[in-house]
Amino acid sequence: MVVRTYEEEIKFFEKINPHTWRIKKGFQPNMNVEGLFYVNESLERIMFDELQESISSKGAGCFLPGVKQIANVAALPGIVGKSIGLPDIHSGYGFAIGNIAAFDMEDPDSVVSPGGVGFDINCGVRLIRTNLFEKDVLDAKEKMAQNLYDNIPVGVGTKGVIPMTKASLDEALRLGMDWSIKEGFAWPEDKEHCEEFGKMPNADPSKVSTKAKQRGCPQLGTLGAGNHYAEIQVVEKIYNESAAKTMGIVETGQVCVMIHSGSRGFGHQVATDALVEMEKAMKRDKIKTNDRQLACARIESKEGQDYLKAMAAAANFAWVNRTSMTHLTRQAFAKQFKMSADDLDMHVIYDVSHNIAKIEDHIVDGKPKKLLVHRKGSTRAFAPKHPQIPADYQEIGQPVLIGGTMGTCSYVLTGTETAMSETFGSTCHGAGRALSRAKSRRSLDHEPAERYLGLNRGGVWTTSRC
């Protein structure tokens, strides 16, 4: 094993513009492509501080530094383009969070890796508009937040209010949002404003373990814990009036609701089960990786196909979960304002995933390629005219939802041609970091955070910009 000083390590990095760094081949063993990451000045400092700390502590810690994880992904078989880190990049399991990697479907050596999707499969964000304005609800803010908290089960171990049997769960795993519509938990038009129209068609419940189903069955319609939230938001600033109007965001002060959640224990178990099988497949097929956390399998192998079908089922679970919480949110608002959700114009603006792997068509080195794109902590951001975005958003591009830290501003953006050419049609998924994980643990306390949020419950009043 080669041990280098920090000064030797940074020779493998090249700053190619004020916000973009290249990681040269050789930084980590067997890199097939270069690495690339986008950062501002403060995040740049964190990335390199993290690398320096890992050298001085001789690699102690749960995860490798983000830059090493980007480079290790660049060594996976079949990767094309570059291993890319987006502006909120930080270290995670195997892949860094905010890491994108695309694999050539025509290359028999190409792999799929659960670490490139994450344990919370199809964790994502949904934005719901209303025709309410802050001035109309000022006196009801705390009651609105409380009603949302009362309606949506929050936290570890909570159980949902959507009744499920084994048969109905399997049906939901196959159909995604179509199941929610059939059961009356969604409006038919909701799926038109959802990535993949709320359904991964290759989902196969038979590829999901009994344990995953047991964990997931009671959790539909639950928010979960960690950085998941259901926020009542107010539009603070509009940068592009035409695009905002297309999405139904008409002026500042408008009230919206943002839901950030995923596949709960169901997706976690699907990922855990797949990692066990892939470790066996790696030994059989003699696949070598730089990091054990990058367990993977050939895309066309039984293990690779089983994972993709189970992952699709978990993605459908997550869409049903966010849809169920949309139903509960509409109920809470209808009760609060004694009006129907339809009269309150509570339509879904968009729903995006930021933990998923999907087969997509892209241009690589000037040639069209069918790729398996892993997006972990990254949001799809397709440009205007792309066939996979809704008809009414064709002129503006795909809506992109960037969730803030709980209690801080979120952003509504639109996809661009630059994203298509540089990042496989992707952008970041949320707020970046002002501190590394280790420094956060050492220096932050829960009391200032509680005072800042104002409400220590599931519903939080905050702002969004578009």
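Which strand is Tyr411 found in? Tyr411 sits in strand β16, residues 410–414; helices (H or I, at least four residues) and strands (E, at least two) are DSSP runs, numbered from the N terminus.

A quick word on ground rules. This is a predicted model, where local features need pLDDT of at least 70 and side-chain atom pairs count only at pLDDT 80 or more, while totals for chains, interfaces and linings use all residues. Residues are numbered from 1 along each chain as its sequence is written, and side-chain values use heavy atoms, with hydrogens and water left out.

**The annotated residues**

The unreviewed UniProt entry puts a "binding site" annotation on Asp120 and His228. Though spread over 109 residues of sequence, they cluster in space, with a largest C-alpha distance of 11.0 Å. From the same kind of record, a "binding site" annotation in the unreviewed UniProt entry covers His260 and His354. Those two span 95 residues in sequence, yet no two of their C-alpha atoms are more than 10.3 Å apart, so they gather at one spot. UniProt positions are in the numbering used here, feature names are shortened, and annotations may be inferred rather than shown by experiment.

Here is how these residues sit, with buried meaning under 20% relative accessible area, exposed over 50%, and partly exposed in between (1.4 Å probe, protein chains only).

| Residue | Place | Relative accessible area |
|---|---|---|
| Asp120 | loop between β6 (111–112) and β7 (124–133) | 17%, buried |
| His228 | loop between α8 (210–216) and β8 (229–237) | 13%, buried |
| His260 | strand β9 (residues 254–261) | 6%, buried |
| His354 | loop between β11 (348–353) and β12 (355–364) | 2%, buried |

Now for who touches whom, where contact means heavy atoms within 4.5 Å. Leaving aside neighbours within four places in sequence, Asp120 is in contact with His228, Gly262, Ser263, Arg264 and Asn355. With residues up to four places away not counted, the partners of His260 include Cys123, His228 and His354. On the same terms, His354 touches residues including Cys123, His260, Arg375 and His429.

Two of the histidines also reach backbone oxygens. A polar contact is a pair of N or O atoms within 3.5 Å; within protein, one must be able to donate a hydrogen and the other to accept it, and residues adjacent in sequence count only if both atoms are side-chain atoms. The His228 side chain reaches the backbone oxygen of Leu223 at 3.3 Å, and a polar atom of the His260 side chain lies 3.1 Å from the backbone oxygen of Asn227.

**Helices α6 and α11**

Helix α6 (residues 166–175) has Ser168, Leu169, Asp170, Ala172 and Leu173 as its buried residues. Their cover includes α7 (177–182), α8, α10 (264–285) and α11. Just after α6, Gly176 takes a positive phi of about 60°.

Over in helix α11 (residues 302–337) you'll find Asp306, which counts as buried at 18% relative accessibility. The side chain of Asp306 makes polar contacts with the side chains of Lys207, at 3.4 Å, and Lys302, at 2.6 Å.

**Strand β8 and back to Tyr411**

Ala230 lies in strand β8 and is buried, at 2% relative accessibility. Its C-alpha atom is 8.4 Å from that of Tyr149, 81 residues apart along the chain.

As for Tyr411, 31% relative accessibility makes this residue partly exposed.
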